Amino acid sequence: MGADALLALDQGTTSTRAILFDSALHPRATHQVELPQHFPAPGRVEHAAEDILAHSIACLRGAMERGGVAAGSVAGIGITNQRETTVVWDRATGRAVHRAIVWQDRRSAPICERLRAEGLEPLLTERTGLLADPYFSATKLMWMLEEIPGLRARAARGELAFGTVDSFLLWHLTGGRVHATDATNAARTMLYDIRRGEWDEEILRALDIPRALLPEVRDCAAEFGTTDPALFGAPIPLRGMAGDQQAATLGQACFRPGMAKSTYGTGCFMLLNTGETPVRSTHRLLTTVAWQIGGARTYALEGAIFVAGAAVQWLRDGLGIIHSAAEAGELAARADPDSGVVMVPAFTGLGAPHWDAGARGAILGLTRGAGAAEIARAALESVAWQTRDLLDAMRADWPGMGETVLRVDGGMTASDWTMRFLADALQCPVDVPAVAETTALGAAYLAGVQAGLCPPPGDNATHWRRRVRFEPDMPAEEADRRHAAWCAAVGRVLG
């Protein structure tokens, strides 16, 4: 029997999981491990790179064992990862020189202010499609080079390697033989020209980042080498790679221009397929690479929300008003819908379309009658209203978007209450897929494309199936009124 199984490694912000799929992209086995986060100071978020690596190997092994397959039966591994999280490691030892600086981390905000003051943001936006914000990898890397003694000199001598999590994992899975990334992850560094498809030398000089640090950029479906035989008993081809939100876009089969998906994890990320031409946003959205296959790039507009599921975690861990995430929707359903309580969860600033690193969270409209249920409802509603802000900006940037059916995925889609309110807030249908793990599905799909087991992106989206559709019930006038109250609350916390 030939190799016809596909493995997806999904390395996320709060956990790492591996899922074994058959050749028809049906999930067969899963292994998952929680990833500890470190908060060394306010606004700082880190991971131990060694934890990321150890957990990834353990999850791949666990999924294979649970699925009863050996390495020789796996046609390819697809890697998908938390994007922008930055790792620098020693090429000789493979050890990270500092904890991984997570995408949520805001320590490089002063560097971003400096870049804006120097007039560099227009160049960065024109070339990379991004904004000068601590969210992206470049300023995290700059912080390391500036703050860790001797690091810049070592980097210039070629002793160190930089990468996002995919690149770090690839290096170690291949036994240090391959230092590469894919176009979607490269596009999130703020160092990559998304139109020419190459690292931008002018930006590297302006930011004083040694070229010797950077990985080779490849297609999302490509030959990335093979795993070290000692890891899994035999070498396994590494054949797919994409940042988590791009992988979810592929898993949701948003193959045609105008299709959109939104993923609700720790944060929320909405991508709109704009086809072969990058669309320049005038509403502070990001222009990014959706995928690159066969050397051809497909582009997307993206809106990033920093706090989605993290708001539910805060209800549980910060306030203690729920014991599990599943209870949030049940509690919200008991709230007075006309309480007027609005929560702006700007715990780490606000993302698109505001991009205000200085904003901080607030709960407004409290009265003596407000309680835990009203706060839980406001937390869940905040995710929907932030999504509406993104959708409105996308429609303004790309009038050809037309009627929208939003495909959604991530942990929050398990809450029917939240998804019904999302449809009401957006005033459009919301589709939840049959396979909830769309990020891993997208990674497996890429490996399957490269292995010849799956067709390339096109109209024949055989791997996507809908579980349920939520239609809006709220009158448009009421949705508009409630959204206006949300906008007013956001105005109170900006800056």
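**A walk through the sheet, some unusual backbone spots and a pocket**

Let's start with an open sheet in this predicted model: it is built from five strands, lined up in the order S3-S2-S1-S5-S13, and the pairing is mixed. Look at the two ends of that row. Strand S3, residues 27-34, and strand S13, residues 238-243, are the edge strands; each has a single partner strand, so one side of each is left without a neighbour in the sheet. If you follow the sheet across, the twist averages 15° from one strand to the next.

Strands in a sheet are held together by backbone hydrogen bonds, and they can run parallel or antiparallel. Take strand S5, residues 74-81: S5 and S13 pair in the parallel sense, over five bridges. To find your place there, pick out Thr80, which stands opposite Ala242 in S13.

Now for a few backbone oddities. As a rule, most residues that aren't glycine have a negative phi, and most peptide bonds are trans. Leu25 is not a glycine, yet its phi is positive, about 65°. You'll find Leu25 in the loop between strand S2 (15-21) and S3, so we're still beside the sheet strands we began with. Is Leu25 buried or exposed? With a relative accessibility of 3%, Leu25 counts as buried, because the cut-off for that is under 20%.

Ala253 tells a similar story: here too phi is positive, about 55°, in a residue that is not a glycine. Ala253 sits in the loop between helix H10 (244-251) and strand S14 (260-264). Its relative accessible area is 4%, so Ala253 is buried as well.

The next oddity concerns a peptide bond. The one from Ala352 to Pro353 is cis, with omega near -5°. Pro353 belongs to the loop between strand S18 (342-344) and strand S19 (362-364).

Keep S18 in mind for the last stop, the second largest pocket. Rolling a probe the size of a water molecule over the atoms is what shows where empty space is left. This pocket holds about 250 Å³ of space. Which parts of the chain supply at least two residues each of its lining? They are S18, helix H13 (372-397) and helix H16 (476-493). H13 gives the largest share, with six residues.

In total, 18 residues line the pocket, and those nearest its centre are Gly340, Val341, Val342, Glu381 and Arg482. Sorted by class, the lining has eight nonpolar, three polar and seven charged residues.

Conventions
Residues are numbered from 1 along each chain as its sequence is written. This is a predicted model: local features need pLDDT of at least 70, side-chain atom pairs count only at pLDDT 80 or more; totals for chains, interfaces and linings use all residues. Side-chain values use heavy atoms; hydrogens and water are left out. Two strands pair if DSSP finds at least two bridges between them. Helices (H or I, at least four residues) and strands (E, at least two) are DSSP runs, numbered from the N terminus. Axes are lines fitted to C-alpha atoms, for helices over the stretch in contact, and angles run from 0 to 180 degrees between N-to-C directions. Buried means under 20% relative accessible area, exposed over 50%, partly exposed in between (1.4 Å probe, protein chains only). On a 1 Å grid over the protein atoms alone, a cavity is a set of points where a 1.4 Å probe fits but cannot get out, and a pocket is an open set with protein on both sides within 12 Å along at least five of seven lines; lining residues have an atom within 4 Å of a point. Grid points are joined across faces, edges and corners, and a volume is the space filled by probe spheres set on the points. Ala, Val, Leu, Ile, Met, Phe, Trp, Tyr, Cys and Pro count as nonpolar, Asp, Glu, Lys and Arg as charged, and the others, Gly among them, as polar.
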